[in-house]
Amino acid sequence: MADKILAKDKIPEFLQRLMSKFTVVAPMERKDAPAEFKELSPGDKPILDGSRMMMPPKDYLLPRYEVLLRVRQTGGETKIESMIPEDKPRVMLGVWLPDAQAIQVLDRVFLEEPFKDPYYAARRENTMIVAVIPAEMRWSWFCGSTDDVETWKPNVDAIMYDLGDRFYVEVTSERGESIVEGLADPTEEDIAAKNGLWERFKTHNILPFADEKLYNRLEWDNSVWEEIAAKCVACGMCSYMCPSCSCFDIQDEVCGTCVERYRCRDTCQFEDFTLMGAGHNPRSEQLPRSRQRLMHKFKYQHEQFGVVGCTGCGRCVELCPVNVDIREVLCRVCAGNQPEPVSK
Amino acid sequence: MSEIETRIREEARKALESGAAEVIVGWGAGSVPFRTTPVFITKPEDVDKLVWNPACVNNLAVYLPRMAKDKKVGIVAKPCDIRSIVALIQENQVKRENLFIIGLGCGGVVDAANLEDQDFRLQDVTAIEWVADGLRVTTVSGEHLLSCSDCLRDMCLLCTKREPAIYDVKLGEAVPPSELRVCGLSELPEERRKYWSEQFSKCIRCYACRQVCPNCYCEACFADRIEPKWTAKKATPEENWMFHATRAMHLAGRCIQCGECERVCPVGIPVAELAREMAKIVKEKYDYEAGDPDEEAPLLGTFRESDVDPAHRSE
Amino acid sequence: MINTQPERTTTIANPYEPQLAVIEKIIDETWDTKTFRAVFLDEAYRESFTYEPGQFQIVSVFGVGEATFCLTSTPTRKGFVEFSVKRVGSVTAALHEMYEGQIIGIRAPLGNHFPYEEWKGKNLLFAGGGIGMAPMRSLLNFCLDNRSDYGEITTIYGARTPGDLCYKYEFDDWNTRGKLYLTVDQGDDDWNGHVGHVPGYLRELAPKPDNTIAITCGPPIMIKYILPEFANLGFTDDQIYTTLEMKMKCGIGKCGRCNIGSKFVCIDGPVFSNAQIKDLPPEF
């Protein structure tokens, strides 16, 4: 598989060529807000270099609101229509590499048999993922601490390395070849620059828990859960912004003459998530809810699928209203509850 | 400012030792130098965990309704946080006698988002402190002076109430605002509608705005109710509009404008702008300001003959 | 061991799409519980549909939503499915308002089932409280219909008052082909039977654990007190089975609600042995 160089001033032509073959999805600028993955129209100028905070790619693959079924009841007859989206060849560009790995977690949840999710599958299975490694790593990233990032490469179709005035495009799957058609070959200098950037990504924010098998270290009884729960204000931001959190709710709504059954985001951080009709709630306090989210990501999902549910994208680190820094929490867990500041 | 920090710790220690408070809620060092995190101090020897710097953004009054029900709680509070406390007292959510308030004069706190667009890297920052007429950010490569308007939160730039309204101990002097930024919504309803439609369409319904709000203490929020269902959980522009508009109405005459809602919004919805607008209307029509200790009761809990009947607002 | 992946005899292209069914019969069980008998509209689907005791279904009232109920009927009696509904939330309230002939949607069968194949030749002891009898009724009737496969089939069933006992119309059968012991927390003028909680009655009756499987379902508080009683009688953890209840939405291991440890009650359960439960975090 041949790597190529994409000069930044050639991006319009590159996009035009891709759009003739695929539906191209990439982060688009939004006013006062993180960029958002959108299907591109001709002339759009997406943010391909990963330099900006963006909504997680799940917002495209697993929309925050999606109609599953439309049910019509007329004249004593009931008809159900499955609103499965169109399965068309797509390319997602500008996906942070940790976000691309998070899609692996979503794939495990939604594509594994016996119950494949037809809605997710229609958007995902025919979609190539082109990851990006930006020129500057975000301060909140800690990807190399959660996993061996070398193992992430084959999970995407290509990786674009931002080398300033050009992208180095590393093709990592066979179908990824079709993305780089017609692009120039890299020079030795390009390869060296790319290797340097990869090394910086790999070694960025390697934290004290990096060598620990977190799924063995996270304990049910740990004073750290109590500490998080004390300050947590129980909003759902960490889950909603997380690229791998995928829990959802299903609700019905009557829309004129038909019923729409839709799904929308939900989170284990909300009290009513596990509240049963009869009033019993197994996680009625914040402590078990705080524990559930982290145990699920770092332990349960690893047990279930063999992948770690957190890829170190740092969104919750940056955005948590009360600065519950997941990196600090994991350091604490591994240091036997001794306070240990996050190293830089 | 480190002198104030030392005195906060002294007062906290005294309060714990004398029994004036069983626990002190304050800000502790964050995981990075440009953030702080809420800390709950119960032992006098732990008071050194308390800090005071321009990153002390959180309005800690949010913890009071659940903490100060049955015990004495000390709280380190900025003037805006104290207005929240006043509102909570007026609404019978906490009792004044259960509180020990360490009130601080304030010069405004930093908006971390504003630090992103400066000529230093966030990960290189080692300290942030107040200096005359601005902020000094120390990084691994040197010092950077930022003007208030470049780095403080919008709410702080608009704030004129920089002295604690009520307190048991008062520390520090308020820094007068150097410049007042005037924000305003368009006078035209259709422009306002367009503006808010765009803003609300971004909402992901994480409810961070509601959860950090000290005055959003309802045990069952209308947005979570199933019967009757006021608004659906789905994040569509219409439902988002319903959520934010209802919440704004619910906070009319109650919001003290600390701006926490706006600070925590992950998608940059100017939630506090709505609150400001509501406060302006309340001030104009009822001459009432939430969080004012001279008011005896909440606006909507009292009736004065001079009150405007909102149903007959003639314009 | 339990087969956690039930064989799917019917293929559903979209696991979120329910099959339409008509409510054929509604039985008033108690003041707050009704049993619904539903028949799939699609003839081919109805013919091919089958399930196992212990599996559950998700029922749609279109416009209100979905709710999870165990299949309380037995697959030995074909052509319909039954589920019992205690009025607690919005969907259950809507179901209680419905009448015979109305259309609902059903996604079934979901979840694992009781490993009854492994229990052939053994004695079965059912201990149920209140609506907890619903999931056990499927297995109980299934075993009674395959009577020669099992030894003694004993049922201890309790409720708050005589009026709270469900399935009274089957008591004779349960006490003829098996043995039925009833108890209520509080009797009334017409009640001549035992008065007391199920765990206490179990202690009094003191069944022997030899070659016996105990199946118990009921409110969390009953489960909490009955497990030590079984242990005192000498039942080991792999002789005791129950069904776990967690909030569910999708029923297919996606929505995340019923997650306990690395298991999902909807696909790895709802049937668990006490031994398996002890491997899970204590969170239900």
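In this predicted model, the domain assignment divides chain A into two domains, each built from two stretches of sequence. Domain 1 of chain A takes in residues 4-62 and 86-203. Domain 2 of chain A takes in residues 214-246 and 272-334. Taken over C-alpha atoms, the centres of domain 1 and domain 2 of chain A are 27 Å apart. The two domains also touch: 26 residues of domain 1 of chain A are in contact with 25 residues of domain 2 of chain A.

Chain C can be followed from its secondary structure outwards. Eight helices and 15 strands occur in chain C. The radius of gyration of chain C is 18 Å, and the globule rule gives 19 Å for 284 residues; the two values are close, so chain C is as compact as a globular protein of that length. Along the principal axes, the box filled by the C-alpha atoms of chain C comes to roughly 50 × 45 × 35 Å.

The interior of chain C comes next. Of the 284 residues in chain C, 61% are buried, that is, under 20% relative accessible area. The contacts in chain C can be sorted by sequence separation: among those between residues at least 6 apart in sequence, 69% join residues at least 24 apart.

That leaves the surface and the charges. About 11,300 Å² of chain C is exposed, and 49% of this area is supplied by carbon and sulfur atoms. The side chains of chain C include 27 positive and 36 negative ones. A distance of 3 Å lies between the centre of the positive set and the centre of the negative set in chain C.

Key
Residues numbered from 1 in each chain as written. Chains lettered and ligands numbered in written order. Predicted model: local features only at pLDDT ≥ 70, side-chain atom pairs only at ≥ 80, totals over all residues. Heavy atoms only, no water. Helix = DSSP H or I, 4+ residues; strand = E, 2+ residues; numbered from the N terminus. Rg over C-alpha atoms; globule rule 2.2 N^0.38 Å. Buried < 20%, exposed > 50% of the residue type's maximum accessible area, 1.4 Å probe, protein only. Contact = heavy atoms within 4.5 Å. Areas by Shrake-Rupley, 256 points an atom, 1.4 Å probe, with all protein chains shown as cover. Lys, Arg positive; Asp, Glu negative; His and termini not counted. Charge placed at Lys NZ, Arg CZ, Asp CG, Glu CD. Domains from an automatic or database assignment.
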